[in-house]
Amino acid sequence: MELRYVSYEKRDGVAVVTLNRPERLNALNRELLADLRRALEEAERDPEVRSVVVTGSGKSFCAGADVTEFAKSAAEVREFIELGWSVFEYIENMSKPVVAAVNGYALGGGFELVLSCDLVVASSSAVFGSPEVNLGIVTGWGASPKLVLIAGPAKAREIVMLGETLSAEEALRLGIVNRVVPPERLLEEALELARKFTRKSPSAVSMAKTVLNRSARSLLAPGLELERSMFFVAASSEDAREGIAAFLEKRKPRWQV
Ligand code: COA
């Protein structure tokens with residue numbers, strides 16, 4: 001399997017999938033998303049693999065969608081968003097459990113990747129957030145409806161409407177994260193958690209995952225659909241053009257009033 005932006009290795013029944021674009025803080029571009037999908041498909045297909053750990057190389061887990069993808073044509077933006085959706089839905093529909101090992105920033109699409117995983121281990125220095133409003137857009141890969149359910153409406157508003165970030169400890173308190181560990185223990189602790197699944201019945205684990213994820217989805221479906229369509233409305237707005245240009249030009253945005 002040839003992968004450019006993701007690395008893949010097997011360790012005692014666990015597939016370790018590492019986002020590997022550290023010079024851009026593992027921001028999700030099309031190629032990275034396609035590589036991630038291929039690595040996950042390999043893990044799902046391989047009978048020796050019983051669970052998966054997803055992590056990031058360098059100082060961040062993932063700083064979200066690559067903002068340059070939003071500076072493309074409307075059709076290309078739509079394709080990119082659909083690709084992201086298909087990858088995150090794939091994680092939720094995999095028969096094998098996926099553990100996120102979060103080092104550094106997990107922002108925007110990086111946070112949404114975390115929210116698609118089954119369990120989350122965070123380094124004590126991890127930072128979570130949905131900064132889309134700062135770019136003149138809204139979340140598009142599930143964060144808003146999921147946060148209402150997980151963190152509750154009050155906290156979801158702070159995160160989504162103000163773009164406030166969360167520390168690892170706060171994410172633990174809110175039920176977004178399962179464990180917080182020292183940075184140097186992150187991968188080992190995530191692997192230990194993932195290895196617990198290798199001692200369980202694969203079919204029972206898979207059925208349990210299906211029930212949990214379908215239960216959440218049955219509550220979330222209308223919100224997810226609305227978020228998806230609202231993303232495309234926001235992405236075609238004047239504020240999105242300005243917010244994205246301002247990020248790329250490293251300046252403050254000037255919003256429409
Ligand atoms: N898309 C594209 N490029 C990104 C990116 C993203 N989401 N996140 C970071 N990068 C780039 C930076 O522009 C920078 O590029 P440069 O070296 O050419 O200047 C490089 O990755 C390193 O990031 P930098 O900003 O220098 O790191 P930092 O530690 O100072 O700041 C963040 C880290 C996460 C606070 C900051 O990079 C950031 O705000 N990123 C955008 C997060 C975001 O809005 N994500 C949601 C997108 S919808």
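## Exercises on a predicted model

Glu 89 has a relative accessible area of 23% and is therefore partly exposed. The structure examined here is a predicted model.

**Exercise 1.** Determine which residue forms a salt bridge with Glu 89, and where the two partners lie.

*Solution.* Step one is to identify the partner: Glu 89 forms a salt bridge with Arg 217, and the closest N and O atoms are 3.5 Å apart. Step two is to place both residues. Glu 89 belongs to helix H2 (residues 74–93) and Arg 217 to helix H8 (residues 202–235), so the pair ties together parts that are 128 residues apart in sequence. Step three concerns accessibility: Arg 217 is partly exposed, since its relative accessible area is 29%. The final step is to look beyond the pair. Glu 82, Glu 89, Glu 92, Lys 146, Arg 217 and Arg 228 are joined into one network by salt bridges that share partners.

**Exercise 2.** State how far apart in sequence Arg 37 and Glu 41 are, and classify each as buried, partly exposed or exposed.

*Solution.* First, locate the residues: both Arg 37 and Glu 41 lie in helix H1 (residues 30–45), and they are 4 residues apart, about one turn of the helix. Next, consider their contact, in which the side chains of Arg 37 and Glu 41 meet in a salt bridge of 2.7 Å, N to O. Then apply the cut-offs: partly exposed falls between under 20% (buried) and over 50% (exposed). Arg 37, at 25% relative accessibility, is partly exposed, and Glu 41, at 33%, is partly exposed. A further salt bridge may be examined in the same manner: the side chains of Glu 9 and Arg 11 meet at 3.4 Å, N to O. Glu 9 counts as partly exposed at 37% relative accessibility, and Arg 11 counts as partly exposed at 28%. The whole structure contains 23 salt bridges.

**Exercise 3.** Decide whether strand E3 is largely enclosed or open to the surroundings, and explain why.

*Solution.* Begin with the count: 6 of the 6 residues of strand E3 (residues 51–56) are buried, so the strand is largely enclosed by the rest of the structure. Then inspect each face. On one side Ser 51, Val 53 and Thr 55 are buried, and on the other Val 52, Val 54 and Gly 56 are buried, leaving both faces covered. Finally, turn to the pairing: strand E2 (residues 14–19) runs parallel to E3, with 6 bridges between them. Within this pairing, Ala 15 stands opposite Val 52.

**Exercise 4.** Identify the edge strands of the sheet E5-E7-E8 and explain why they are edges.

*Solution.* The first step is the order: the 3 strands form an open sheet, E5-E7-E8, with mixed pairing. The edges are strand E5 (105–107) and strand E8 (166–167), because each has a single partner strand, so one side of each lacks a neighbour in the sheet. The next step is the link between E7 (residues 127–129) and E8, which are antiparallel and joined by 2 bridges. Phe 128 has Leu 166 in E8 as its bridge partner.

**Exercise 5.** Name the residues of a positive patch and of a nonpolar patch on the surface.

*Solution.* For the positive patch, Arg 179, Lys 196, Arg 199 and Lys 200 gather on the surface. Arg 179 lies in strand E9 (residues 179–181) and is partly exposed at 33% relative accessibility. For the nonpolar patch, Leu 149, Ile 150 and Leu 219 make up about 280 Å². Ile 150 is in helix H4 (residues 143–150) and is partly exposed, with a relative accessible area of 34%.

Definitions and conventions: Residues numbered from 1 in each chain as written. Predicted model: local features only at pLDDT ≥ 70, side-chain atom pairs only at ≥ 80, totals over all residues. Heavy atoms only, no water. Patch = residues over 30% accessible without salt bridge, like charges linked within 9 Å, V, L, I, M, F, W, Y side chains within 5 Å. Areas by Shrake-Rupley, 256 points an atom, 1.4 Å probe, with all protein chains shown as cover. Salt bridge = Lys/Arg side-chain N within 4 Å of Asp/Glu carboxyl O. Lys, Arg positive; Asp, Glu negative; His and termini not counted. Charge placed at Lys NZ, Arg CZ, Asp CG, Glu CD. Buried < 20%, exposed > 50% of the residue type's maximum accessible area, 1.4 Å probe, protein only. Pairing = 2+ DSSP bridges.
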